[in-house]
Number of protein chains: 2
Amino acid sequence: MPRCTLATIAREANVSVPTVSKVLNGHSDVAAHTRAIIERLLTEHGYQRPRSPRRSNRRGEFIDLVINDLDSNWGLAILTGVEQVAEEAGLTLAVSAVHNRASLTRRWLQSLLSRASQGAILVLSDLDEAQRAELARRTLPFVLVDGVSAPPPDVPSVGATNFAGGFAATEHLIGLGHTRIAAIGGPESLLCTRARVAGYRSALEASGLRAHRDLVRYAPFHHDGGLDAARRLFALAEPPTAIFAGSDHLATGVYSAARARGLRIPEQCSVVGFDDLNFTPWMAPALTTVRQPLREMGVAAARMLLRVINGERLDSHRIELATALVIRESSGPRAPH
Amino acid sequence: MPRCTLATIAREANVSVPTVSKVLNGHSDVAAHTRAIIERLLTEHGYQRPRSPRRSNRRGEFIDLVINDLDSNWGLAILTGVEQVAEEAGLTLAVSAVHNRASLTRRWLQSLLSRASQGAILVLSDLDEAQRAELARRTLPFVLVDGVSAPPPDVPSVGATNFAGGFAATEHLIGLGHTRIAAIGGPESLLCTRARVAGYRSALEASGLRAHRDLVRYAPFHHDGGLDAARRLFALAEPPTAIFAGSDHLATGVYSAARARGLRIPEQCSVVGFDDLNFTPWMAPALTTVRQPLREMGVAAARMLLRVINGERLDSHRIELATALVIRESSGPRAPH
DNA sequence: TTGTAGGCGTTATCAC
DNA sequence: GTGATAACGCCTACAA
């Protein structure tokens, strides 16, 4: 059987070859109906582009940024970095949020395909196999930032040294004399959460301590998540004397829970956060936290994307930027009990 | 002689009517040579468009958001609101930052014109006369959010009740017994700053107090701006017992200055901020501030833009959303001195 | 009837 | 030559 070419598809779809080419390249001048038929045929035949890309499509001057959730000022720092690089490269940045909703992801992908985007950066959101295949057919490059799950080795991705961050935070607390140290991670499904908690466990084990099951919690990345988890921790028969929160927003919840229970930070409970968002120095007490270079992560992801777009080789498909413990006032020696 | 129509031109140029139409509307898919011929004929015949414009150019599916400075999480809330509306309307949102630089503004405008943007929302940034004219020629609508200067009456704009906010904040402090109340505004050139400070003055006057010159300062909207201004205020022979800061970020600077001088908030100095960003409840003490519905402002601006794009009439060219004083812990009665 | 948008084929061209 | 793509302009449908 001969290799499937555009001509094959065109014949079956009763259109001209250029029309198929247009669908493949996301041009807008194809009727939605026609496009659907052609896309189906392309999938059915498992069409593969020739490896050496043809005269490359220098059409739109866009790149896309998809952030799962724009509401947290977490994403802003990344956005800022991406915007800067896009601006320098003379590319327009299209921003969207998908709020963990599959329908929005599909919609975004659809709009991306019918536009002339050169590539996409996905933050804390992920695509399923079919969606990846669709992008691959179009040879639309994408880069993951803090992907949901471990990305396939051939997908470029950017992250922070979450494991090392979790380790450093916990080690710091151990060094202050704490032995009952709790962890509140973000959603358990997230790669970054798992790495941070793994770092936490590892630090405990390295000191001969054990992570008691009750002391590890998972909660959504916001104040109320932290509040709720910390409440339960404080209600334990043997409450922790220190808490490693997997994000600064979670840490604000821990503060609220401590305050509600009349616990003073750090005298009665030390707290360490993660992210180092810009308000942490002004919290009271100022939050000890693991700094994550979010803006730089955005810059790195955007530069990576540009390299892929320009057909340059990546030195590495995975970049992890260093985290650093920032010690402020919310962590202190364990109180003699 | 019959009136000159596109058909006349088309016949003479040996092209179809749609092709002439495309030249007239600046579409790109006409060869330069053909376009030149047609443009010459159009000029020679003195072609006039009919007065009632036909279905106008529904070109790209974009709208643009230009934020002067993305770095502050101030803009994030607005961005979120705009994104939501754009998504609902099936439009892609292009985001850029211009950092108060004229060159970047020019570049952005250039890219906007060469793209297929349907319109733009400008946040805390402004266009000069020529730039406005350029947009008008293309009939590209735009909406201002918190414009730099008072917008011309025919330009749609969205803001908050800054005057009322400044008034409420100051009245609150007066009610607590303060008489030496300082204000730290943002940059003096900004409309929102002037309105907030005017509200402050007005409240003082309404209570028979006077705004001493030394007690009104202007500083850039960030921590260090507030720190610097507050330092100078505390160094006065008669320092203020309360400070109204024109933004929450400025207020964080006031906190730092107070701490550095050993002043307790609110016992020795009350502080009121402006914006109610998401971290203010976790500051210590929790910041009393004037809430500004930033997200809703983004929504309102985007909806306004859509109406203009669709040729609908606006009920009003100026929308001001209400501010509200949120009393927390950073404001308290004047200490007996 | 005039003008416009969308859709798609024709042609030229390019890389192999 | 062959596969794929960019450029261009006509046809059709439709809106005023």
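A residue counts as partly exposed when its relative accessible area lies between the limit for buried, under 20%, and the limit for exposed, over 50%. This term is used in several of the legends below, which describe close-up views of a predicted model.

**View 1. Helix 4 and helix 11 of chain A are linked by a salt bridge between Glu88(A) and Arg303(A).** The side chains of the two residues approach to 4.0 Å, from N to O. Arg303(A) belongs to helix 11 of chain A and Glu88(A) to helix 4 of chain A, so this pair ties together parts that stand 215 residues apart in sequence. Glu88(A) has a relative accessibility of 48% and therefore counts as partly exposed. Arg303(A) is likewise partly exposed, at 43%.

**View 2. Domain 2 and domain 3 of chain A meet at an interface within the chain.** The domain assignment divides chain A into domain 1 (6–45), domain 2 (62–160 + 294–322) and domain 3 (162–292). The centres of domain 2 and domain 3 of chain A, taken over C-alpha atoms, are 29 Å apart. Contact involves 15 residues of domain 2 of chain A and 12 residues of domain 3 of chain A. Together the two domains of chain A bury about 1,100 Å², of which 50% is on carbon and sulfur atoms. On the side of domain 2 of chain A, the greatest losses of area to domain 3 of chain A fall on Asn73(A), Ala160(A) and Leu294(A), which together make up 36% of what that side buries.

**View 3. Polar and charged pairs join domain 2 to domain 3 of chain A.** There is 1 salt bridge between these domains of chain A. The side chains of Glu296(A) and Arg291(A) form a salt bridge, with N and O 3.9 Å apart. In addition, 3 residue pairs are in polar contact across the interface of domain 2 and domain 3 of chain A. Helix 4 (73–88) and helix 11 (294–309) of chain A each contribute at least two residues to the side of domain 2 of chain A that touches domain 3 of chain A. The largest share of that side, 3 residues, is supplied by helix 11 of chain A. By residue class, the same side of domain 2 of chain A comprises 9 nonpolar, 4 polar and 2 charged residues.

**View 4. Ser270(A) is a buried residue of strand 9 of chain A.** Strand 9 of chain A spans residues 270–275. The relative accessible area of Ser270(A) is 0%, which places this residue under the 20% limit, and Ser270(A) is therefore classed as buried. The side chain of Ser270(A) is in polar contact with that of His178(A), at 3.3 Å. A polar atom of the Ser270(A) side chain also lies 2.9 Å from the backbone nitrogen of Gly332(A). Beyond four places in sequence, the residues touched by Ser270(A) include Leu173(A), Thr241(A), Ala242(A), Ile243(A), Ser330(A) and Ser331(A).

**View 5. Arg40(A) and Glu44(A) form a salt bridge within helix 3 of chain A.** The closest N and O atoms of this pair are 3.0 Å apart. Arg40(A) and Glu44(A) are 4 residues apart in helix 3 (residues 32–44) of chain A, so about one helical turn separates them. Arg40(A) is partly exposed, with a relative accessible area of 45%, whereas Glu44(A) is exposed, at 53%. Over all chains, the whole structure holds 13 salt bridges.

**View 6. Arg318(A) forms a salt bridge with Glu320(A).** The closest N and O atoms are 2.8 Å apart. Arg318(A) has a relative accessible area of 30% and is partly exposed. Glu320(A), at 44%, is also partly exposed.

**View 7. Chain A and chain B share an interface.** Each side is listed with its own count: 33 residues from chain A and 33 residues from chain B. The two chains bury about 2,800 Å² between them, 56% of it on carbon and sulfur atoms. In chain A, Leu76(A), Glu83(A) and Trp282(A) lose the most area to chain B, together 23% of what that side buries. The interface holds 2 salt bridges. Arg259(B) and Glu329(A) meet through their side chains in a salt bridge of 3.2 Å, N to O. Polar contacts between chain A and chain B number 6 residue pairs. Helix 4 of chain A gives the most to the side of chain A that touches chain B, with 7 residues. That side of chain A divides into 13 nonpolar, 11 polar and 9 charged residues.

How values were computed. Residues numbered from 1 in each chain as written. Chains lettered and ligands numbered in written order. Predicted model: local features only at pLDDT ≥ 70, side-chain atom pairs only at ≥ 80, totals over all residues. Heavy atoms only, no water. Domains from an automatic or database assignment. Contact = heavy atoms within 4.5 Å. Buried area = accessible area lost by both parts, 1.4 Å probe. Polar contact = N/O pair within 3.5 Å; in protein donor to acceptor, adjacent residues only side chain to side chain. Nonpolar A, V, L, I, M, F, W, Y, C, P; charged D, E, K, R; others polar. Buried < 20%, exposed > 50% of the residue type's maximum accessible area, 1.4 Å probe, protein only.
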